[in-house]
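What follows is a careful walk through one protein chain for a reader who has not met it before. Please keep the sequence and the 3D view at hand while reading.

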Amino acid sequence: MKTIELPYGHGTQACLIPDDVDCVYGRLKSVEPTAEAGEQISAALQNLIGNINFDKLRNAKSVAIAVSDMTRPVPSRLIVEKLLPWLAEFGIHGDQITVLVGGGLHHPATQEEMNYILGEELPKKIKQVLPHDADDQDCLTFLGTSPLGTPVYVNQYFAQADFKIVTGMVDAHQFMGFTAGVKGAVIGLGGRETITGNHVRLFQPGAELGQMEGNPARIDLEDCGRIIGVDMIVNVVLNTQKKVVKAVAGHPRTAHGVAVEFAKSIFGVPMSSADIVIASPGGFPKDINAYQAQKALTPALQLVKPGGVIILVAQCSEGSGEESFAKTMALYDNPSDLVTSFKEKEFVIGPHKAYLWTRTFLKAKTILVSDKVSPELAKALMVKVTKSLQEAIDDVIPDDTAGLKITVLPNANSVIPILRDESNETET
């Protein structure tokens, strides 16, 4: 027997399979840090990519920094800590700096979560740390409409700042190509109408995992970022151990582009289709709830054969993770009705994850491995739940394993499958 092991929450889940099963790991390229994370971030700030407006920075009376919420393993505290002395070189001091914790349509960050993200000492060195609420109209500023028609609402504290910095982690994104860049402002600090207006483009041609060129969702995102006036970004790329292996800073599009090209070299994995795909989002915080863990289903869906099996290994300690997602799931008894209904109705954020979740079930049997999801939630999610990976694999592996192919994705959220031409492989 051989062992399969994947990240799960703060630990792992494992199972045994017969030795004769063809089991392939879709592993990201192994990359080790060239220096400590702080050194890389400091070096990026001293070697900016592209042009930023230094006169604007020197004359700024206020600076706003956007950081990610708990659902992203971004080293936000370290990035802000390195930004403070860098900003001081331009005459910008702590009492002029506001940090905004953006989570898009996630719940506004609690004080406990903000302490986790930034620590308890760092906030004492700056003017204020504030959570973003996409539904608080009193805290949103309307700035115009993008060329593709998206209304641009953004957090007023960010809009009013003289100099605007966005931080984030460059990762594969299921329909925006890659995360980060201006996304931390447009989506992270955006209003519900802005997020909805952008995300509706997930159905349009080119809105795909790992695709940047000609991607309507990404094009619209960049346009919104220009309207908001993002001045600068600080982005990182993480390896599978969540260590910084690349840090960039500078112009929002130029610097992000450099990080994306580096990320492509890590995340692009040549693979073939499989009978069973076992996928983990990568452990905490990417599997904190079903709403987030769903992202692991996108590469799994690309790789599984029609009628095959997907096993999603995700703890989901916070349950479904988003109210409208859970409510939408509860309205339907089967996946096909939900998918059909969603396509016929006006696009709404939250329920879109219900569509992305259930479309998987139309192609493959899906099992969720979680010791936190209740039977009631499992029923609402329309998915079979097992507490262990061994139980799941025992349920689906056939007695006759001849020719059976299993693909394992330990960090599925970051994987960009490059599908091999299996017809040519067969001929050769």
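In an unreviewed UniProt entry, residues 8-209 are listed as "domain: LarA-like N-terminal". The model discussed here is a predicted one, and over residues 8-209 the chain is 26% helix and 25% strand, with end C-alpha atoms that are 23 Å apart. A second annotation in an unreviewed UniProt entry, "domain: Lactate racemase C-terminal", covers residues 271-416. For residues 271-416 the corresponding values are 36% helix and 21% strand, and the end C-alpha atoms lie 10 Å apart.

At the start of the chain, strand E1 (residues 2-8) and strand E2 (residues 11-17) run antiparallel and are joined by seven bridges. One of the pairs puts Glu5 together with its bridge partner Ala14 in E2. E1 and E2 form a hairpin with two residues between them, and Gly9 in the turn has a positive phi of about 60°.

The chain also holds an open sheet of six strands, which follow one another in the order E3-E19-E15-E16-E17-E18 with parallel pairing. Which strands stand at the edges of this sheet? They are strand E3 (22-25) and strand E18 (384-386), and because each has a single partner strand, one side of each is left without a neighbour in the sheet. From one strand to the next, the twist averages 20°. Strands of a sheet pair through backbone hydrogen bonds, either parallel or antiparallel.

At the E18 edge, strand E17 (residues 365-369) pairs with E18 in the parallel sense over three bridges, and Leu368 stands opposite Val385 in E18. Helix H16 (residues 389-396) packs on the sheet, where it touches strand E15 (274-279), strand E16 (304-313), E17, E18 and strand E19 (405-409), and the direction of H16 makes about 160° with that of E17.

Thr386 has its place in strand E18. Is Thr386 buried or exposed? Its relative accessible area is 1%, and since the cut-off for buried is under 20%, Thr386 counts as buried. Leaving aside neighbours within four places in sequence, Thr386 is in contact with Ile367, Leu368, Val369, Ser370, Glu391 and Ala392. Among these partners, Leu368 is the residue that stands opposite Val385.

Ser68 offers another example, this time in strand E4 (residues 63-68). With a relative accessible area of 15%, Ser68 is buried. Not counting residues up to four places away in sequence, Ser68 touches Val74, Ser76, Val101, Gly102, Ile117, Thr167 and Gly168.

Two residues other than glycine that have a positive phi can be set side by side, together with their places and accessibilities.

| Residue | Phi | Place | Relative accessibility |
|---|---|---|---|
| Lys242 | near 60° | loop between strand E12 (232-238) and strand E13 (244-250) | 34%, partly exposed |
| Cys316 | near 55° | loop between E16 and helix H12 (323-330) | 1%, buried |

Another backbone feature is a cis peptide bond, which joins Phe284 and Pro285 with omega at about 0°. Pro285 is found in the loop between E15 and H10.

The last topic is the empty space. Rolling a probe the size of a water molecule over the atoms shows where empty space is left. The largest pocket has a volume of about 350 Å³, and of the 16 residues that line this pocket, the closest to its centre are Arg72, Pro73, Val74, Pro75 and Tyr116. Helix H3 (76-88) and helix H4 (111-118) each supply at least two residues of the pocket lining, and the largest share, three residues, comes from H3.

How many cavities of 30 Å³ or more does the structure hold? There are three of them, and the largest cavity has a volume of about 450 Å³. This largest cavity is lined by 31 residues, of which Arg72, His106, Lys183, Ile187 and Lys295 lie nearest its centre. Its lining draws at least two residues from each of E4, strand E9 (163-169), helix H6 (183-186), helix H7 (192-199), helix H10 (290-293) and helix H14 (351-359). Arg72 is thus named both among the residues closest to the centre of the largest pocket and among those nearest the centre of the largest cavity.

Key
Residues are numbered from 1 along each chain as its sequence is written. This is a predicted model: local features need pLDDT of at least 70, side-chain atom pairs count only at pLDDT 80 or more; totals for chains, interfaces and linings use all residues. Side-chain values use heavy atoms; hydrogens and water are left out. UniProt positions are given in the numbering used here, feature names are shortened, and annotations may be inferred rather than shown by experiment. Helices (H or I, at least four residues) and strands (E, at least two) are DSSP runs, numbered from the N terminus. Buried means under 20% relative accessible area, exposed over 50%, partly exposed in between (1.4 Å probe, protein chains only). Contact means heavy atoms within 4.5 Å. Two strands pair if DSSP finds at least two bridges between them. Axes are lines fitted to C-alpha atoms, for helices over the stretch in contact, and angles run from 0 to 180 degrees between N-to-C directions. On a 1 Å grid over the protein atoms alone, a cavity is a set of points where a 1.4 Å probe fits but cannot get out, and a pocket is an open set with protein on both sides within 12 Å along at least five of seven lines; lining residues have an atom within 4 Å of a point. Grid points are joined across faces, edges and corners, and a volume is the space filled by probe spheres set on the points.
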